[in-house]
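Subject: Structure handover

Hello,

Here is the structure I said I would pass on. Please look it over; my notes on what was found follow below.

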Amino acid sequence: ARSAGGGAAMKLKLKNVFLAYFLVSIAGLLYVLASHVTQKDLRISQLQAELRRPPPAPAQPPEPEALPTIYVVTPTYARLVQKAELVRLSQTLSLVPRLHWLLVEDAEGPTPLVSGLLAVSGLLFTHLVVLMPKAQQLRDGKPGWVHPRGVKRRNKALDWLWGRGGAVGGEKDPPPPGTQGVVYLADSDNTYSQELFEEMRWTYGVSVWPVGLVGGLRFEGPQVQDGWVVGFHKVWEPNRPFPVDMAGFAVALPLLLAKPNAQFDSTAPRSHLESSLLSHLVDPKDLEPQAANCVSHRARPASAEF
């Protein structure tokens, strides 16, 4: 009887242990489920709050007055397409804030065509004139590369920036000392990406990029490795110190003003006109590559075909 009673007590104790284990397990499961539900509800509440939160205000671009000025130098001369090319270029330039157009005519005085175009362009401009010397004027039947083109006009613009040349229209005072800006040579027979101007604006010394469809290549310009210019894509006149197109570089205004003897050389060998200026300003290894490390071109001749 005592043995039977002990067995029944043991069974009851085991039953109680299993019941307690079961209850604890159920309680633990309920706690885990409750915690999961609570975390899920909390995450849902956080997401709902984020959806109700107003979007952050977009970053405001700098005020135009705070931007360095881009001085765009364009030589021009009388020909049938002159007005068409200048209108196209002026409309591109009008998209760029804080820009000053230096338009230089090959003439004895300002012509009504150019004066009128500048007056309605809406751009800040300086109108300059200088007559090409007769010795450099092309004669009938002579190819255009016999003499470097636009040298006198480009140098006239540089003289104005240095305070050495008078203007016939628009802004007549050169930039005051300490002005932050960049100088770019933009011929009217090219087309330009708007991105190009924003990239060149922050030039510290001399910045460079490829130019499409020049020099016998799909593009001509610097080769870049680890952010440094290490060579050039070139075919035409490969021995040039700076194998870049006129549209392929920009010069920081403070650097240019610090080099008053840096000008284009009218006696430079064929295709060396760009090098005649840049050799006074920078070493090739110190050029500043733009256009995504020079893998994209931002300018090309308007008459070129793909």
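Arg 98 sits in the loop that links helix H2 (82-93) to strand E2 (99-105). The model is a predicted one, so please read what follows as computed from that prediction. Arg 98 is not a glycine, yet its phi is positive, at about 55°. Most residues other than glycine have a negative phi. The relative accessible area of Arg 98 is 37%, so the residue is partly exposed.

A second residue of this kind is Asp 226, also with a positive phi of about 55° and also not a glycine. Asp 226 lies in the loop between strand E9 (219-225) and strand E10 (228-233). With a relative accessible area of 71%, Asp 226 is exposed.

Back to the loop between H2 and E2, which also holds Val 96. Is Val 96 buried or exposed? Its relative accessibility is 7%, and because the cut-off for buried is under 20%, Val 96 counts as buried. Outside its neighbours within four places in sequence, Val 96 is in contact with Ile 70, Phe 197, Glu 198 and Arg 201. Val 96 and Leu 196 are 100 residues apart in sequence, while their C-alpha atoms are 10.0 Å apart in space.

Next, strand E2 itself. How many of the residues of E2 are buried? The count is 7 of the 7, so the strand is largely enclosed by the rest of the structure. Leu 99, Trp 101, Leu 103 and Glu 105 point one way from E2, and His 100, Leu 102 and Val 104 point the other way; all are buried.

E2 has pairing partners in E1 and E3:

- Strand E1 (residues 69-76) pairs with E2 in the parallel sense, over 7 bridges. In this pairing Thr 74 stands opposite Leu 103 of E2.
- Strand E3 (residues 124-129) runs parallel to E2 and is joined to it by 6 bridges. Here His 100 stands opposite Leu 124 of E3.

The helices connect these strands in two β-α-β units. E1, H2 and E2 make a right-handed one. E2, helix H3 (residues 112-121) and E3 make a right-handed one as well.

One residue of H2 deserves a separate entry. Gln 82 has its place in that helix and counts as buried, at 4% relative accessibility. Which side chain does the side chain of Gln 82 meet in a polar contact? The partner is the side chain of Thr 76, at 3.0 Å. Not counting residues up to four places away in sequence, Gln 82 touches Thr 76, Tyr 77, Leu 113 and Val 114. Thr 76 falls within E1 (residues 69-76), while Leu 113 and Val 114 fall within H3 (residues 112-121).

For the protein as a whole, the totals are as follows. There are 8 helices and 13 strands. Of the 306 residues, 40% count as buried. Among contacts between residues at least 6 apart in sequence, 72% join residues at least 24 apart. The exposed area is about 17,800 Å², and carbon and sulfur atoms supply 59% of it.

Regards

How values were computed. Residues numbered from 1 in each chain as written. Predicted model: local features only at pLDDT ≥ 70, side-chain atom pairs only at ≥ 80, totals over all residues. Heavy atoms only, no water. Helix = DSSP H or I, 4+ residues; strand = E, 2+ residues; numbered from the N terminus. Buried < 20%, exposed > 50% of the residue type's maximum accessible area, 1.4 Å probe, protein only. Contact = heavy atoms within 4.5 Å. Pairing = 2+ DSSP bridges. Right-handed = clockwise from strand over helix to strand, strands pointing away. Polar contact = N/O pair within 3.5 Å; in protein donor to acceptor, adjacent residues only side chain to side chain. Areas by Shrake-Rupley, 256 points an atom, 1.4 Å probe, with all protein chains shown as cover.
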